[in-house]
Number of protein chains: 2
Amino acid sequence: MSQSYPNIVLRLPDWLDAVLPPVERVYASREERMGLVINLARQNIQRGTGGPFAAAVFDLDSGKLLAPGVNLVVDGHCSVAHAELVALMLAQQLAGSHDLGGSSHPPCELVTTTEPCAMCLGALPWAGIISLVCGARDEDARAIGFDEGDKPADWPATLQQRGIAVHRDVCALQARAVLQQYRDRGGPIYNGRSTN
Amino acid sequence: MSQSYPNIVLRLPDWLDAVLPPVERVYASREERMGLVINLARQNIQRGTGGPFAAAVFDLDSGKLLAPGVNLVVDGHCSVAHAELVALMLAQQLAGSHDLGGSSHPPCELVTTTEPCAMCLGALPWAGIISLVCGARDEDARAIGFDEGDKPADWPATLQQRGIAVHRDVCALQARAVLQQYRDRGGPIYNGRSTN
């Protein structure tokens, strides 16, 4: 008997369209961009659709939102579906290209509520973004029990050497508060098996 | 105006079902498992559907194929769609769980034609596999122009510390030959922008 394999499908939460501002909205500053993704992380917790993480790809110059992402690991049955990768995959699908750094595409910035884990860090150079904006530190995620994986000690330098600017601690207090809120609600911590 | 975001969809190549042996087939040894994925990588080149990389998730004990994967980066408009992550995402979707190491799931082995890049390496501990089998070395991929990213110097040890056994150089000559074949055909090398 032969097997027919289905498409791999990741479905964004139903509430996402309703909570996003109109598509024309301009997010002029890093703080405004971070404000949006922190709200998405909060919504993801409150509506019970995933972990306390959100991210988004923005047009670096115009400040327009190109693609949002939230953590879909548990509900999406996909350990790869961290918020950063969801946002990058959606942005690339909408662009019709695996490369957000192509000459026909506006320069892109990825904004994430918490610094990337080892997987997401490794994914960034392949995606074509030229700027990364982070809220909470990776140690804040570790502090509530998430495993961030084995990252190079000076990972911001490794990105900068690859042409990706790194901006840390943007709205850090608010970003950290989302992680605390998740822990206080007793949300699941879904790490690798050997660390459970 | 509000925007409605589509699902993220990764479509496996149309030829895949036709070239796979019947689903009952048992791949008893690591070499047999590697033989299958090397064939998938060859097909991916010959049919022009992606990069020279394939992978698959196997039931470690029974030797049955659970999910195949091939590199879909360019055609799939997705820099995340390395063969390893395609196979893991498909296996998890079929299992209905983000965790292939859960107690209700058979222990899983990921077999890949070339050692994982930094992104795929970072993804492995989150996926729940307990064994990794590699064909060509990462330096073989680098030798034909692919960037493997910033990996820990002793990355097999980092996986083993997390409970993932690592088997390298399985059918290494045949696995390397696929990379050479891709280079000889002038296939695209789609690295991060800063390295092009």
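Q: Before we look at this predicted model, what does it take for a residue to count as buried?

A: A residue is buried if 20 or more other C-beta atoms lie within 10 Å of its own, and exposed if 12 or fewer do. In helix H7 of chain B, the residues that are buried are Ala175(B), Arg176(B), Val178(B), Leu179(B) and Tyr182(B).

Q: Why do the buried residues of H7(B) line one face of the helix?

A: The general idea is that an α-helix has 3.6 residues a turn, so residues three or four places apart point the same way. Here, seen down the axis of H7(B), the buried residues fall within an arc of 145°, and they therefore line one face. The face turned away from that buried side carries the exposed residues Leu173(B) and Asp184(B).

Q: Which elements do the buried residues of H7(B) pack against?

A: Within chain B, they pack against helix H2 (30-46), strand S4 (108-114), strand S5 (131-136) and helix H5 (138-143).

Q: How many residues does H7(B) have, and what span does it reach?

A: H7(B) runs over residues 172-184, which is 13 residues, and it reaches 18 Å from its first C-alpha to its last, close to the 18 Å expected at 1.5 Å a residue. Just after H7(B), Gly186(B) takes a positive phi of about 75°.

Q: At what angle do the axes of H4(A) and H4(B) cross?

A: The axes of these two helices, each spanning residues 118-127 of its chain, come within 7 Å and cross at roughly 155°. Angles over 145 degrees count as roughly antiparallel, so H4(A) is roughly antiparallel to H4(B). Their crossing is left-handed, and the residues making the contact include Gly122(A) and Trp126(A) of H4(A), with Gly122(B) and Trp126(B) of H4(B).

Conventions. Residues are numbered from 1 along each chain as its sequence is written. Chains are lettered from A and ligands numbered from 1 in the order in which they are written. This is a predicted model: local features need pLDDT of at least 70, side-chain atom pairs count only at pLDDT 80 or more; totals for chains, interfaces and linings use all residues. Helices (H or I, at least four residues) and strands (E, at least two) are DSSP runs, numbered from the N terminus. The expected span of a helix is 1.5 Å times one less than its number of residues. The arc is that of the directions from the helix axis to the C-beta atoms. Two residues are in contact if their C-beta atoms, placed from the backbone, lie within 7 Å. Axes are lines fitted to C-alpha atoms, for helices over the stretch in contact, and angles run from 0 to 180 degrees between N-to-C directions. Angles under 35 degrees count as roughly parallel, over 145 as roughly antiparallel, 65 to 115 as roughly perpendicular and the rest as oblique. A crossing is left-handed if the near helix is turned anticlockwise from the far one by less than a right angle, and right-handed if clockwise.
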